[in-house]
Amino acid sequence: MDTDRPARPDLLHWLWYAVGGGLPARYRDWVLRDTTAPGWWWRQIVRALVQATPVGVIVGLLIPGSIGIRIMAVCGGIFVAMIYVLAFIDEAVEHRAVKAGFPRGYAKSIRDQRRA
């Protein structure tokens with residue numbers, strides 16, 4: 001087992017974190033790793049898809065019309081949501097680190113050092 005990895009949140013805490021909630025202080029190091037480790041942007045995309053899934057299901061069930069129209073409406077909505085996610089990915093991830101108690105810009109500086 002890798003002892004360098006901080007404690008991971010359980011599923012309920014992670015779901016809360018995925019929809020924008022803050023985590024208890026014991027997960028502070030995990031949040032920093034989540035926002036700075038390689039693949040951080042993939043994890044942000046997954047969190048955004050977790051946020052979009054319930055809305056997509058509700059829209060898919062409530063929109064009148066054929067199944068094709070419903071699927072296209074949901075896919076179009078998710079596509080537009082992903083454009084916004086990618087446009088503001090740095091700010092959103094930085095906000096997660098700030099909520100965990102790190103100074104603004106700290107996670108970005110770590111990511112920049114790893115790229116250099």
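In the predicted model, the mean positions of the 15 positive and 9 negative charges of the protein chain are separated by 4 Å. Across the whole structure, five salt bridges are found. The protein chain has six helices and zero strands, so that its pattern along the sequence reads α-α-α-α-α-α. The C-alpha trace spans about 50 × 30 × 25 Å along its principal axes. Of the 116 residues in the protein chain, 30% count as buried. The exposed surface of the protein chain amounts to about 7700 Å², and carbon and sulfur atoms supply 69% of this area. When contacts between residues at least 6 apart in sequence are considered, 55% of them join residues at least 24 apart.

Among the salt bridges, two involve Asp 34. The side chain of Asp 34 pairs with Arg 43, with the closest N and O atoms 2.9 Å apart, and it also meets Arg 47 in a salt bridge with an N to O distance of 2.7 Å. The pair formed by Arg 47 and Asp 34 ties together parts that are 13 residues apart in sequence, because Arg 47 lies in helix H3 (residues 40-62) and Asp 34 in helix H2 (residues 28-36). Asp 34, Arg 43 and Arg 47 are thus linked in a network of salt bridges. The members of this network differ in accessibility: Asp 34 is buried, with a relative accessible area of 4%, and Arg 47 is also buried, at 1% relative accessibility, whereas Arg 43 is partly exposed, with a relative accessible area of 27%.

Tyr 17 is in contact with two members of this network, Asp 34 and Arg 47. Tyr 17 is found in helix H1 (residues 11-18) and counts as buried, at 3% relative accessibility. Leaving aside neighbours within four places in sequence, the other residues in contact with Tyr 17 are Leu 23, Trp 30, Val 31, Thr 35 and Arg 96. Between Tyr 17 and Val 31, which are 14 residues apart along the chain, the C-alpha separation is 9.4 Å.

A further salt bridge joins Asp 90 to Arg 111, with the closest N and O atoms 3.7 Å apart. Asp 90 lies in helix H5 and Arg 111 in helix H6 (residues 106-115), so this pair ties together parts that are 21 residues apart in sequence. Asp 90 counts as partly exposed, at 35% relative accessibility, while Arg 111 is buried, at 4%. Beyond neighbours within four places in sequence, Arg 111 is in contact with Thr 35, Thr 36, Trp 40, Asp 90, Val 93 and Glu 94. One of these residues, Thr 35, is also in contact with Tyr 17.

Glu 94 is found in helix H5 (residues 89-99). Glu 94 is buried yet has no salt bridge. The nearest side chain of opposite charge is that of Arg 111, 4.1 Å away. Because a salt bridge requires a side-chain nitrogen of Lys or Arg within 4 Å of a carboxyl oxygen of Asp or Glu, the 4.1 Å distance between Glu 94 and Arg 111 does not qualify. Arg 111 does, however, form a salt bridge with Asp 90. A polar atom of the Glu 94 side chain lies 2.6 Å from the backbone nitrogen of Gly 105. With neighbours within four places in sequence left aside, the residues in contact with Glu 94 are Pro 103, Arg 104, Gly 105, Tyr 106, Ala 107, Lys 108 and Arg 111.

Gly 77 has its place in helix H4 (residues 67-87). Gly 77 is partly exposed, with a relative accessible area of 39%. The C-alpha atom of Gly 77 is separated by 11 Å from that of Val 57, the two residues being 20 apart along the chain.

Note on methods: Residues numbered from 1 in each chain as written. Predicted model: local features only at pLDDT ≥ 70, side-chain atom pairs only at ≥ 80, totals over all residues. Heavy atoms only, no water. Helix = DSSP H or I, 4+ residues; strand = E, 2+ residues; numbered from the N terminus. Buried < 20%, exposed > 50% of the residue type's maximum accessible area, 1.4 Å probe, protein only. Lys, Arg positive; Asp, Glu negative; His and termini not counted. Polar contact = N/O pair within 3.5 Å; in protein donor to acceptor, adjacent residues only side chain to side chain. Contact = heavy atoms within 4.5 Å. Areas by Shrake-Rupley, 256 points an atom, 1.4 Å probe, with all protein chains shown as cover. Charge placed at Lys NZ, Arg CZ, Asp CG, Glu CD.
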